[in-house]
Amino acid sequence: DNASPCVLYLTRGDTAERFSQFDLDALEAFVKGHKFGLVTEINADSFGPVAENGLPVLLAVLSKQRDAASKELEAKIYAPAKALKGTFLAAKIDGDRYKRFLTRYGLSQKQFPCFIIVDFENERYWSVPSGKSLVSVNEIEAWVRDVAEGKQPYTPLVAWYNPRRYMRKVSKFMRRFSDTQIMILTVVASLFGAGLLFMCFTWIEGDADGMYARREDNRTPPAPSAPAATDKSKTE
């Protein structure tokens, strides 16, 4: 019944989705699953959620200095965004405003407008291959699929040996747990560490006592040997 109360999810370039299950948990799950539009605009408020969404981001970098070309490029992102929904997140960003941020990904203002794919979680990005221009929607989609299948080389932002790379992974893993669970894990780890230290000190102390005893044994002079028995018959 189209007249029944419902929630409609509407976003540019995508089909409307209707939600009519008025259950709090189901509604909360629906809202969380649709917190991004088909193409999200990245700014100071949305950057955090976009960077932490867990999916690589197909990013359209736009420029008001090249307004016509930017509008043409922006119009091409919606079809790939819809086709690759759930695998990639599509977004757009004002390159003129955030040009200093974009230099981190090897981009300069003279290259705007352009596409780039950024994997914020793993700190790496993919630039459009040199000499290749993504003119059609099909070419854009094919490039993104090649990235998803590992056919395109990426550029790392952090060297593999940098501790920051692993600290981010640990931080993300810890976010899966509630504060209570983290507190319990901390207590268990502390007790385990204290027990391990106690065992080490006990072993070291026992080993030191053994070494001291052996050293004392080496310092004690050997007992004199008993005199040899004499043959009385030979003496007489």
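Helices, as named on this tour, are DSSP runs of at least four residues, numbered from the N terminus. The model in your viewer is a predicted one, and with that in mind a first stop can be Leu 197, whose place is in helix α8, spanning residues 179–219. Select Leu 197 together with Phe 201, Trp 203 and Ile 204, and you will have a nonpolar surface patch of about 490 Å².

Before going further, show the whole protein and colour it by confidence. The mean pLDDT is 79, and 67% of the residues reach 70 or more. Confidence is highest in β4, at 96, and lowest in helix α9 (residues 232–235), where the mean is 50. Where pLDDT is low, the predicted coordinates should not be read in detail.

In cartoon view, the secondary structure comes to nine helices and eight strands. Of the 236 residues in the protein, 27% are buried, and the accessible surface comes to about 16600 Å², with 58% of that area belonging to carbon and sulfur atoms. Among contacts with a separation of 6 or more, 63% are accounted for by residues 24 or more positions apart.

Next, select strand β5, residues 89–94. Five of its six residues are buried, so β5 is largely enclosed by the rest of the structure. Which strands pair with β5, and in what sense? Add strand β3 (residues 39–42), which pairs with β5 in the parallel sense over four bridges; within this pairing, Val 39 stands opposite Ala 90. Then add strand β4 (residues 57–62), which also runs parallel to β5 and is joined to it by six bridges, with Leu 59 having Ala 91 of β5 as its bridge partner. While side chains are displayed here, it may help to recall that in a regular strand they alternate between the two faces of the sheet.

Move now to Lys 76, in the loop between α3 (67–75) and α4 (78–83). Is this lysine, Lys 76, buried or exposed? Lys 76 counts as buried because its relative accessibility is 16%, and the cut-off for buried is under 20%. Leaving aside residues up to four places away in sequence, Lys 76 touches Leu 134, Val 135, Val 137 and Ile 140. To follow one of these contacts, draw a C-alpha to C-alpha distance from Lys 76 to Ile 140: the two are 64 residues apart in sequence and 8.2 Å apart in space.

The last stops concern the backbone on either side of strand β6. Select Phe 112 and Pro 113, which are joined by a cis peptide bond with an omega of about -5°; Pro 113 lies in the loop between α5 (99–102) and β6 (114–119). Then go to Glu 123, in the loop between β6 and β7 (124–127). The phi of Glu 123 is near 50°, a positive value in a residue other than glycine. Glu 123 is also classed as buried, because its relative accessible area is 5%.

Terms used. Residues are numbered from 1 along each chain as its sequence is written. This is a predicted model: local features need pLDDT of at least 70, side-chain atom pairs count only at pLDDT 80 or more; totals for chains, interfaces and linings use all residues. Side-chain values use heavy atoms; hydrogens and water are left out. Helices (H or I, at least four residues) and strands (E, at least two) are DSSP runs, numbered from the N terminus. Buried means under 20% relative accessible area, exposed over 50%, partly exposed in between (1.4 Å probe, protein chains only). Contact means heavy atoms within 4.5 Å. Accessible areas come from the Shrake-Rupley method with a 1.4 Å probe; for residues, only the protein chains shown count as cover. Patches are made of residues with over 30% relative accessible area and no salt bridge: like charges are joined within 9 Å, nonpolar side chains (Val, Leu, Ile, Met, Phe, Trp, Tyr) within 5 Å. A salt bridge is a side-chain nitrogen of Lys or Arg within 4 Å of a carboxyl oxygen of Asp or Glu. Two strands pair if DSSP finds at least two bridges between them. pLDDT is the predictor's confidence in each residue, from 0 to 100.
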